[in-house]
Amino acid sequence: MFSDISFTERRNMNKRKIIEEKLFRVLSAVATYSLIATLAFIIILIFIKGFHALSWDMVFKAPKGGYYYGGEGGVLNAIVGSLYISIGATLIATLIGVPAALFINVHLARYKRTQNTIRYIIDALWGVPSIVYGAFGFSLMLFLGMNASLLAGIITVALLITPIVVRTFDEVLCTIPKGLYEASMALGSTRSEISFKIIFKQGFPGFITALLLAFGRGIGDAASVLFTAGYTDLIPIHLDEPAATLPLAIFFQLSSPIPEVRERAYAAAVILTIIILIISLAARFLSKKYTKTNLK
Amino acid sequence: MYLLKEEMIAHDKTINIMKTDIDTESVLQIKNLNVHAGDHHILKNINLRIPKNKVIVLLGPSGCGKTTLLKCMNRLTDINKELEVSGHIYIENDDILNTSTNVPLIRQKMGLLGQRPYPLPMSIYKNVAYGIRLKGVRDKKMINYSVEKHLKEVGLWDEVKDRLHHSPGILSIGQQQRLCLARGLAVKPRIILADEPTSALDPISSKIIENLFRDLKLNYTIILVTHVLRQAVRLADNVVFMSNGEIIEQGSPQKLFKHPKSAKLKEYMVNGN
Ligand SMILES: Nc1ncnc2c1ncn2[C@@H]1O[C@H](COP(=O)(O)OP(=O)(O)OP(=O)(O)O)[C@@H](O)[C@H]1O
Ligand SMILES: [Mg+2]
């Protein structure tokens with residue numbers, strides 16, 4: 001068998017395999033670590049640039065007159081507005097998205113073609129640029145005779161992020177073994193019991209990931225809220241009042257000719273990043289706690 | 001509450017007495033069952049009577065339709081749209097394929113034990129309690145009592161009684177399989193459908209499951225799919241040999257394995273083990 005391959009040839013083949021293996025390992029490591037390094041670089045850069053302007057006033061005060069020329073105040077209006085909008089939108093997206101994902105997986109289990117069509121449509125919705133949602137929200141708003149407001153912002157952002165919730169959660173539900181569905185069905189559970197007591201529970205980490213992605217997209221998006229939520233220095237109290245948002249605060253301050261104001265844009269970016277970090281840590285913690293009894 | 005518990009024990013006892021009465025009337029009867037998947041004729045005109053409180057072993061080469069036959073019996077075939085099922089399956093005079101009865105209620109009459117255990121994503125205790133709650137029992141003490149009873153029934157109680165609120169993931173596969181059996185029993189089925197329940201288990205766990213089946217036969221009818229001929233000999237009251245979607249032969253294991261009539265069974269006995 002081996003006689004037609006000489007000993008040295010075989011040794012060279014082995015060597016080649018070892019080199020290939022090493023090369024692949026190095027390449028994957030480079031890819032992974034350069035990604036992390038880029039992320040770290042972005043965060044560090046923002047921190048360095050915004051550090052000077054970062055103060056308790058930034059976080060706890062709304063802009064005073066002259067703020068955009070370097071005067072006193074902070075971006076509390078945008079922090080509150082952003083939190084209201086992204087939390088409200090994430091809630092709506094969850095209320096629609098979670099039942100939708102469960103429906104696709106449990107109730108439509110036997111209709112593979114319908115499932116795939118729905119998935120295709122939602123993927124397409126995911127890919128629609130946020131400015132389009134913004135424009136849609138804007139025309140919807142005019143049609144309903146509403147003004148730029150917290151409510152219009154929430155609805156528009158909810159439209160933007162619902163596909164994210166559905167498809168992210170759905171992808172995780174797809175990985176749940178068929179045997180678990182069958183076992184639950186064989187016990188005589190109804191489909192809604194299976195959906196909410198078993199499949200939702202087993203897919204809970206995916207649910208958290210879906211929420212995080214949706215919330216992150218929602219709080220970080222500027223185009224969808226530009227026309228719908230508007231912008232104001234006041235802290236929004238009612239749903240029909242306009243609301244400022246952090247991405248727009250960053251945008252407006254960055255486009256200022258005054259260096260101090262541009263620094264404050266970076267400070268606002270730091271605040272945005274910290275909010276996202278806190279929320280994702282809290283969510284991961286909750287997810288771990290709740291899925292202690294899940295099978296891995 | 002104490003009374004309630006007493007009552008439940010009494011209730012269980014009467015069921016036992018009723019069920020252990022020698023009774024060969026069939027619990028399940030299959031008439032002209034056909035299953036198609038597109039052009040593929042998976043089950044061909046199956047006719048079968050399953051007697052009460054016996055172990056029926058389904059035997060046959062891979063792909064002959066054993067799992068599909070089991071799935072028809074608790075209508076898990078509903079999940080697959082491509083499977084067209086026709087014919088009749090009577091359980092207690094109810095034709096489960098053509099009935100207005102709620103499908104979950106039909107499924108509750110049958111416990112399924114699969115090839116691999118699939119514990120639910122909840123604690124060991126809740127896995128068993130799930131089935132009890134499905135039956136509408138809400139009283140905490142009653143649930144506690146039943147969980148203990150069913151875990152004892154499968155010989156798992158002593159192994160898990162200190163870890164009831166842990167994930168089933170900490171159990172071995174053999175223990176998980178017994179947990180799934182306990183969960184199924186908690187729903188109080190008439191029939192246990194077991195699809196190669198020991199094929200993923202080590203010999204000792206397999207033995208435990210086998211012994212359990214021997215005891216469970218007193219109260220339940222068991223339909224068992226296995227590829228292990230020796231297991232069939234040890235457990236079966238009746239063996240049904242299938243090939244290519246058809247029932248080829250059936251009878252007691254002694255008769256069938258000593259004097260196989262068909263060439264297919266002879267061949268299976270030579271190669272299949
Ligand atoms: N959903 C389905 N769609 C199409 N064909 C199917 C489907 N389910 C089963 N079949 C076919 O039906 C036949 C019987 O399958 P089944 O799983 O019942 O075999 P089995 O006897 O249980 O085999 P094994 O011993 O390997 O478990 C196979 O040929 C299989 O390809
Ligand atoms: Mg099978």
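User: Before we start, what does "buried" mean for a residue here?

Analyst: Buried means under 20% relative accessible area, while exposed means over 50%, and anything in between is partly exposed. Keep in mind that this is a predicted model.

User: Okay, so why is B:K71 called buried?

Analyst: Its relative accessibility is 18%. The limit for buried is under 20%, so B:K71 counts as buried. You'll find B:K71 in helix α2 of chain B.

User: How far is the C-alpha atom of B:K71 from that of B:L193?

Analyst: The two C-alpha atoms are 8.9 Å apart, although 122 residues separate B:K71 and B:L193 along the chain.

User: Let's try another one. Why is A:F251 called partly exposed?

Analyst: A:F251 sits in helix α11 of chain A. Its relative accessibility is 49%. Partly exposed covers what lies between under 20% and over 50%, so A:F251 counts as partly exposed.

User: What makes A:F251 fit for a nonpolar patch on the surface?

Analyst: Patch residues need over 30% relative accessible area and no salt bridge. A:F251 has 49%, and A:F251 is listed in the patch along with A:I131, A:V132, A:F138, A:L142, A:L226, A:F227 and A:F252. Together they have about 700 Å² of accessible area.

User: Which helices supply that nonpolar patch?

Analyst: Helices α5 (130-143) and α11 (246-254) of chain A each bring at least two residues. The top contributor is α5(A), with 4 residues.

User: Now for the ligand. How do you know that B:S62 makes a polar contact with ligand 1?

Analyst: A polar contact is a pair of N or O atoms within 3.5 Å. In B:S62, a polar side-chain atom is 2.5 Å from an oxygen atom of ligand 1, so the pair meets that cut-off. B:T67 also places a polar side-chain atom 2.5 Å from a ligand 1 oxygen, and for B:H227 the distance is 2.8 Å. As for cover, the protein takes up 68% of the 640 Å² of accessible area that ligand 1 has on its own.

User: Which residues are closest to ligand 1?

Analyst: B:S62, B:G63, B:K66, B:T67 and B:T68 are the closest of the 15 residues that surround ligand 1. By class, that shell has 8 polar, 4 nonpolar and 3 charged residues.

User: And which element gives the most to the shell around ligand 1?

Analyst: That's α2(B), with 3 residues. Both β2 (40-51) and α2 (66-73) of chain B supply at least two.

How values were computed:
Residues are numbered from 1 along each chain as its sequence is written. Chains are lettered from A and ligands numbered from 1 in the order in which they are written. This is a predicted model: local features need pLDDT of at least 70, side-chain atom pairs count only at pLDDT 80 or more; totals for chains, interfaces and linings use all residues. Side-chain values use heavy atoms; hydrogens and water are left out. A residue is near a molecule or strand if one of its heavy atoms lies within 4 Å of it. A polar contact is a pair of N or O atoms within 3.5 Å; within protein, one must be able to donate a hydrogen and the other to accept it, and residues adjacent in sequence count only if both atoms are side-chain atoms. Accessible areas come from the Shrake-Rupley method with a 1.4 Å probe; for residues, only the protein chains shown count as cover. Ala, Val, Leu, Ile, Met, Phe, Trp, Tyr, Cys and Pro count as nonpolar, Asp, Glu, Lys and Arg as charged, and the others, Gly among them, as polar. Patches are made of residues with over 30% relative accessible area and no salt bridge: like charges are joined within 9 Å, nonpolar side chains (Val, Leu, Ile, Met, Phe, Trp, Tyr) within 5 Å. A salt bridge is a side-chain nitrogen of Lys or Arg within 4 Å of a carboxyl oxygen of Asp or Glu. Buried means under 20% relative accessible area, exposed over 50%, partly exposed in between (1.4 Å probe, protein chains only).
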